[in-house]
Amino acid sequence: MSAATAGGRRLRLEGVRDQLLFQLRVLHVVASAEFKLKYAGSALGYVWSLVKPLTLFTMLYLVFGRLFKLGSISHYYPLSLLLGIVLITFFNDATNLGMSSLVARESLLRKLSFPRMVVPTAATLTAAMTFGVNLIAIVGFIAWNHIVPNANWFLLLPLLLELYLFTLAVALILSTVFVRVRDVGQIWELVLQVIFYASPIIYPIGYLPTWARKIVFFNPLTQILQDVRSVVLSADLKPNRITVTDAFHTSAARMIPIGVVLLFMLGAVVLFRREEPYFAERV
């Protein structure tokens with residue numbers, strides 16, 4: 001290899017590196033600014049991040065845990081319910097913020113030249129910061145139940161990564177469509193309600209008939225939630241910890257929700273890239 005060829009390759013690599021660093025800096029600045037502005041002027045500030053899921057948890061636990069006696073099924077029902085609420089709250093917040101992010105950053109899109117995917121990604125990272133604050137409540141419940149972490153808890157990392165990738169994919173699709181059709185905001189609000197009650201958040205998945213368990217596991221959120229419960233609540237009753245491999249009676253079934261995530265991500269990137277050149281003029 002000649003010195004000129006090696007030098008050209010080095011310059012290209014340095015250009016890619018500089019571009020990547022620039023995108024990461026923009027991503028960091030936008031996400032941090034969004035998170036700070038979210039609670040700007042608020043007396044309680046970041047405490048509101050905990051109030052929302054805990055208020056929803058209290059209401060649902062009183063109604064379903066006490067009134068409908070679901071809490072008598074298992075000692076771990078409160079923690080199981082809170083895990084579901086915190087995970088679905090992150091998904092709801094991230095997709096809603098991502099959906100409107102391009103329109104909200106209208107002036108930024110028209111004045112600056114940068115990869116537009118940074119904007120909805122930053123919005124999902126803002127929700128991820130709130131999710132990190134909400135984990136404090138979960139840690140408190142874990143300590144209250146005297147649950148001792150073990151090596152299996154490292155499995156939570158790929159599960160959270162899967163959750164983020166699926167959420168990001170949905171946010172990218174919604175943000176792209178929202179630029180063209182603003183009514184998608186109302187539609188998505190209804191879809192989120194359906195997802196909440198169709199997922200085993202309030203009720204144990206063991207309550208569902210066998211055929212229904214297989215259907216709900218096509219939703220990656222169900223698979224992630226049940227895997228998280230299986231890891232954290234390993235001492236809970238087995239019907240409350242049913243995973244996708246249990247529902248389909250084969251370990252290969254784990255690829256079903258993962259395949260859904262990959263398809264969503266691929267479709268989201270292709271759709272976003274196709275529409276990206278027209279965002280500035282349509283927002």
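Okay, let's start with how helix packing gets described: axes are lines fitted to C-alpha atoms, for helices over the stretch in contact, and angles run from 0 to 180 degrees between N-to-C directions. Helices themselves are DSSP runs (H or I, at least four residues), numbered from the N terminus.

Quick housekeeping. This is a predicted model, where local features need pLDDT of at least 70, side-chain atom pairs count only at pLDDT 80 or more, and totals for chains, interfaces and linings use all residues. Residues are numbered from 1 along each chain as its sequence is written, and side-chain values use heavy atoms, with hydrogens and water left out.

So, helix 2 and helix 5, residues 118–144, pack at about 50°, and their axes are 8 Å apart. That makes the two oblique (not under 35 degrees, not over 145, and not 65 to 115). Who touches whom? Contact means heavy atoms within 4.5 Å. On the helix 2 side we have Ser49, Leu50, Pro53, Leu54 and Phe57, and they meet Thr130, Val133, Asn134, Ile136, Ala137 and Phe141 in helix 5.

Now helix 3, residues 77–104. Helix 2 packs against helix 3 at about 135°, axes 10 Å apart, so this pair is oblique to each other. Among the helix 2 residues meeting helix 3 are Pro53, Leu54 and Phe57.

My favourite bit: lysine 52 and aspartate 93 join their side chains in a salt bridge at 3.0 Å, N to O. (A salt bridge is a side-chain nitrogen of Lys or Arg within 4 Å of a carboxyl oxygen of Asp or Glu.) Lysine 52 sits in helix 2 and aspartate 93 in helix 3, 41 residues apart, linking distant parts of the chain. In total, the structure has 6 salt bridges.
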